[in-house]
Every structure is written in C-alpha cells, then in structure tokens.
Amino acid sequence: MTMKTAIFPGTFDPFTRGHEAVVTEALGFFDHLVIAIGDNCNKHTLLSPESRLQLIKDLYAGEPRVECVTYDTLTGELAREHGAAAIVRGVRNTVDFEYERTMAQINRRIFPEITTVVLFTPPDLTDIASSTVRELLAFGRDVSDMVPEGIDIRKYLSK
C-alpha cells in the first residue's frame with residue numbers, strides 16, 4: 001500500500017485554531033502531512049520562521065504523521081521533494097476560495113501530478129485570521145481562544 005503524503009503550506013504567523021482544524025481534517029485523508037512554513041516577503045511577520053517552526057513542532061510533538069519544515073521555493077517543488085500527492089489549503093470565506101482556486105489552477109498547470117485539496121474551516125473558526133491575531137497581540141490582548149489549546153504564543157515572540 002502506498003503512503004499518501006500532502007503538503008499544508010502557509011505563513012502560519014501565528015498558527016491558529018483554524019490551521020489546527022485543517023490539519024486534523026487532512027489527517028483523515030492522508031497518512032503523512034508536511035506543514036510547510038513559507039517566508040512570504042510580502043507579509044510583515046510577527047514570529048520568525050524558526051519560532052513558527054518550533055511552535056508547530058511543539059504542538060504536534062506526539063503526532064508522528066505530522067512533519068514541519070520551512071521552505072523558500074515553489075510549493076509544488078516542495079511537494080515533489082516530499083513525494084506529496086496533494087497540496088492542502090484551508091478556506092474561511094469566498095475571498096479565500098477565489099484566491100485558492102487561482103493558485104490551484106496555476107499549480108495544476110506547472111505541477112499536473114499534484115492535486116490541490118480545499119478544506120473549509122469550521123464555521124465557529126472562520127473569523128480567526130493570523131493577521132487579526134497579530135494585531136490583537138500588538139495591542140496586548142489575550143488571544144488564547146484563537147490559537148491551539150496549550151500554546152502560549154508569547155513564549156515564541158522573543159525567539
């Protein structure tokens with residue numbers, strides 16, 4: 001039997017409960033999930049790539065089916081390197097969906113052997129965006145209900 005691997009790419013600055021929900025759902029479809037942290041030069045990030053990597057590794061330390069890496073190449077190239085059959089993307093709303101549809105079409109053109117799988121964020125988490133979490137943190141607000149349970153985001157701020 002062939003092991004099915006997928007890539008879940010994103011900036012994850014920071015990793016939210018919405019991201020966690022997508023990972024949980026994706027693990028129902030794939031044997032191995034590579035959470036791939038990209039460093040998007042167009043985004044002002046709060047956490048360093050190393051801090052984001054450590055946060056996600058800490059969160060999934062007990063889950064052998066999850067691997068976490070950083071990357072600075074095309075997502076499709078990373079997927080090929082890991083033998084991934086799919087790129088997993090989470091969407092919260094129609095704006096996310098339109099963006100992801102366009103990206104999926106481009107990826108299909110360049111990497112025809114890799115499928116994009118779109119998973120919808122649970123309704124109770126659709127208002128959570130990493131950008132909102134960053135802004136609330138900048139104003140000293142508590143974001144514990146927006147990040148995975150047990151994660152103290154402030155622990156990763158100074159890294």
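This report walks through the sheet, the loop after the first strand, the aromatic rings, the cores and two helices of a predicted model.

## Ground rules

Residues are numbered from 1 along each chain as its sequence is written, and side-chain values use heavy atoms, with hydrogens and water left out. Because this is a predicted model, local features need pLDDT of at least 70 and side-chain atom pairs count only at pLDDT 80 or more, while totals for chains, interfaces and linings use all residues.

## The sheet and the helices on it

Let's start with the sheet. Five strands, in the order β3-β2-β1-β4-β5, make up an open sheet with parallel pairing. Helices (H or I, at least four residues) and strands (E, at least two) are DSSP runs, numbered from the N terminus, and two strands pair if DSSP finds at least two bridges between them. At the edges sit β3 (66–71) and β5 (115–120), each pairing on one side only. On average, and ignoring direction, neighbouring strands of this sheet are turned by 30° against each other. Axes here are lines fitted to C-alpha atoms, for helices over the stretch in contact, and angles run from 0 to 180 degrees between N-to-C directions.

Strand β1 is joined by two bridges to β4 (residues 86–91), and the two run parallel. One bridge partnership to look for is that of A6 with A86 in β4. Helix α4 (residues 94–110) packs on the sheet, where it touches β4 and β5 (contact means heavy atoms within 4.5 Å). The direction of α4 makes about 170° with that of β4. Helix α2 (residues 49–59) lies across β2 (32–38) and β3, and runs at about 175° to β3.

## An unusual loop

The loop between β1 (5–10) and α1 (17–26) deserves a look at its backbone; P14 is placed there, and so is F12. Most residues other than glycine have a negative phi, and most peptide bonds are trans. In this loop, D13 and P14 are joined by a cis peptide bond with omega of about -5°. F12 has a positive phi of about 55° although it is not a glycine.

Is F12 buried or exposed? F12 counts as buried because its relative accessibility is 4%; buried means under 20% relative accessible area, exposed over 50%, and partly exposed in between (1.4 Å probe, protein chains only).

## Aromatic rings

A pair of aromatic rings is described by the distance of the centres and the angle of the planes. Rings of Phe, Tyr and Trp (its six-membered ring) pair if their centres lie within 6.5 Å; planes under 30 degrees apart count as stacked, over 60 as edge-to-face and the rest as tilted. The structure holds three aromatic pairs. F8 and F12 form an edge-to-face pair, 5.1 Å centre to centre with 65° between the planes. F12 and F15 form a tilted pair, with 5.5 Å between centres and 50° between planes.

Ring pairs link F8, F12, F15 and Y60 into a cluster. Of these rings, F8 is buried at 3% relative accessible area, and F15 is buried at 1%.

## Two nonpolar cores

A nonpolar core is a set of buried Ala, Val, Leu, Ile, Met, Phe, Trp, Tyr and Cys residues joined through side-chain atoms within 4.5 Å. The largest has 32 residues, and V23, L33, I35, I56 and V88 touch the most other members. At least two residues of this core come from each of β1, α1, β2, α2, β3, β4 and α5 (130–138).

Leaving aside neighbours within four places in sequence, I56 is in contact with F12, F15, I35, I37 and C68. A second, separate core of 11 residues includes I7, A36, V69 and L78.

## Helices α5 and α3

In α5, S130, V133 and L137 are buried. Seen down the axis of α5, the buried residues fall within an arc of 60° (taken from the directions from the helix axis to the C-beta atoms), so they line one face of the helix. These buried residues pack against α1 and α6 (154–157). E135 and A138, on the other side of α5, are exposed. After α5 comes G140, with a positive phi near 75°.

T75 is found in helix α3 (residues 75–81) and is buried, with a relative accessible area of 18%. Not counting residues up to four places away in sequence, T75 touches I7, P9 and I87. The C-alpha atoms of T75 and F8 are separated by 9.2 Å, although these residues are 67 residues apart along the chain.
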